[in-house]
Amino acid sequence: HSIETGKFQWSSPSNIALVKYWGKKDSQIPANPSVSFTLNNCKTITKLAFAKKHTSSALSVTDTFSFDLLFEGKPKEDFKPKIQQFFERVLVYLPFLKDYHFTIDTQNTFPHSSGIASSASGMAALAMNLMSLEKALNPEMTEDYFYHKASFLARLGSGSACRSVKGKMVVWGNHDNIQGSSDLFGVEFPNVVHENFKNFQDTILLVDKGEKQVSSSVGHNLMNGHPFAERRFEQAHENLDKLINVFESGNLEEFITIVESEALTLHSMMMTSIPYFILMKPNTLEIINAIWKYRNETKTPVCFTLDAGANVHVLYPENVKESVLQFIKNELVGYCQNGQYLCDEIGDGSQLL
Ligand code: PMV
């Protein structure tokens, strides 16, 4: 390893799943395939500085990981165990990890108490930076290898993070009808997509910015021995097949049915596990009902999806942006905490800065 010091900086976006990943087969192997829109504005920007350790210097060679963590410019001790665990998991794939001291300097473009999970964007941004160092040490590597391995590493940090490496739509998990799909990394949706989905919009309504009631690792475990698990995993395959057709035909009515059903199924799984959880808040339901009423009355192709929390993602094509934003301002903002919402849209994935 001939590189002494240096730094890289990557930005990685968040993503929103249309078919949800909920349940694991094995450590970080999904029980079913998922597909997501990569976002554009909600992202993590991470700078990785590295310096080779030497026996003769202050940065001595030890058999442990050595890193400092800064969040928004200030030391952040409580994120360190997560990074430590990530380093342990990926060491076999990145043998140089113990040879360097790292300074990880990270920030999000979205408010950190917003209830938007930063694990996908955060783990993806760290994986991209580590791959830049890996590439500097092994310059012969191909671009394909670089991105596949980056997604592979991100998955080991947080499953959904493997879908934040690339844009604009990413599939993660083996699925017969998607060429190149894998349980080990996310791949760009390989087919041509109908123009209805070009610049698709996601306005994120912040209903509850509180701490997550259920961490996603606890959540995934709730699917072990869940009475409906097997049927749910089959359903995800079926919904992905339907979405493959929808992406080609541009059928927004069918899109809405699949996406909203996926969101409600995710929450049904949590309501019917032991222990059980209700992660929606009263305002989540108010928003869902208002969207349904507006859609019925105006025939606007707008729908919602949810993550494992109370916030609502409002999804709609670009050509109805003006009217939907007006509807959101008039009728939905009142249900958001401090009237907060974030405007986002489909984006291109991680970028080297
Ligand atoms: O990546 P994790 O382990 O935080 O799980 C994410 C799970 C959901 O956000 C609820 C669904 C998904 O596919 O992103």
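**Exercise 1. Pairing around strand 5**

In which sense do strand 5 (residues 66–71) and strand 7 (residues 100–108) pair, and over how many bridges?

*Solution.* The model is predicted: local features require pLDDT of at least 70 and side-chain atom pairs count only at pLDDT 80 or more, while totals for chains, interfaces and linings use all residues. Residues are numbered from 1 along each chain as its sequence is written.

Step 1. Helices (H or I, at least four residues) and strands (E, at least two) are DSSP runs, numbered from the N terminus. Two strands pair if DSSP finds at least two bridges between them.

Step 2. Strand 5 and strand 7 are joined by six bridges, and the sense is parallel. Leu 70, for instance, has Asp 105 in strand 7 as its bridge partner.

Step 3. Strand 5 also pairs with strand 6 (residues 74–75), here in the antiparallel sense over two bridges. Phe 71 is bridged to Lys 74 of strand 6.

Step 4. These two strands, 5 and 6, make a hairpin with two residues between them, and Glu 72 in its turn has a positive phi of about 50 degrees.

**Exercise 2. The four-stranded sheet**

Determine the strand order of the open sheet of four strands, and identify the helix packed on it.

*Solution.* Step 1. The order is 11-12-10-13, with antiparallel pairing. Strand 11 (303–306) and strand 13 (341–345) are the edge strands, each pairing on one side only.

Step 2. From one strand to the next, the twist averages 25 degrees (axes are lines fitted to C-alpha atoms, for helices over the stretch in contact, and angles run from 0 to 180 degrees between N-to-C directions).

Step 3. Strand 10 (residues 201–205) runs antiparallel to strand 13 and is joined to it by five bridges. In this pair, Ile 204 has Leu 342 of strand 13 as its bridge partner.

Step 4. Helix 8 (residues 321–332) packs on the sheet and touches strand 10, strand 12 (312–316) and strand 13. The direction of helix 8 makes about 10 degrees with that of strand 10. Contact between two residues requires their C-beta atoms, placed from the backbone, to lie within 7 Å.

**Exercise 3. Helix 2**

Compare the span of helix 2 (residues 119–137) with its expected value, and assess its burial.

*Solution.* Step 1. The expected span is 1.5 Å times one less than the number of residues. Helix 2 has 19 residues and reaches 27 Å from its first C-alpha to its last, close to the 27 Å expected.

Step 2. A residue is buried if 20 or more other C-beta atoms lie within 10 Å of its own, exposed if 12 or fewer, and partly exposed in between, with C-beta atoms placed from the backbone. Because 15 of its 19 residues are buried, helix 2 is largely enclosed by the rest of the structure.

**Exercise 4. Residues in loops**

Describe the surroundings of Gln 28 and the backbone geometry at Pro 275, Lys 299 and Asn 338.

*Solution.* Step 1. Gln 28 lies in the loop between strand 2 (24–26) and strand 3 (29–30). It counts as partly exposed because it has 17 C-beta neighbours inside 10 Å. Beyond its neighbours within four places in sequence, Gln 28 is in contact with Arg 155, Leu 156 and Gly 159.

Step 2. Most residues other than glycine have a negative phi, and most peptide bonds are trans. The bond from Ile 274 to Pro 275 is cis, with omega near -5 degrees. Pro 275 belongs to the loop between helix 6 (252–271) and helix 7 (282–298).

Step 3. Lys 299, in the loop between helix 7 and strand 11, has a positive phi near 60 degrees. Asn 338, in the loop between helix 8 and strand 13, has a positive phi of about 55 degrees.
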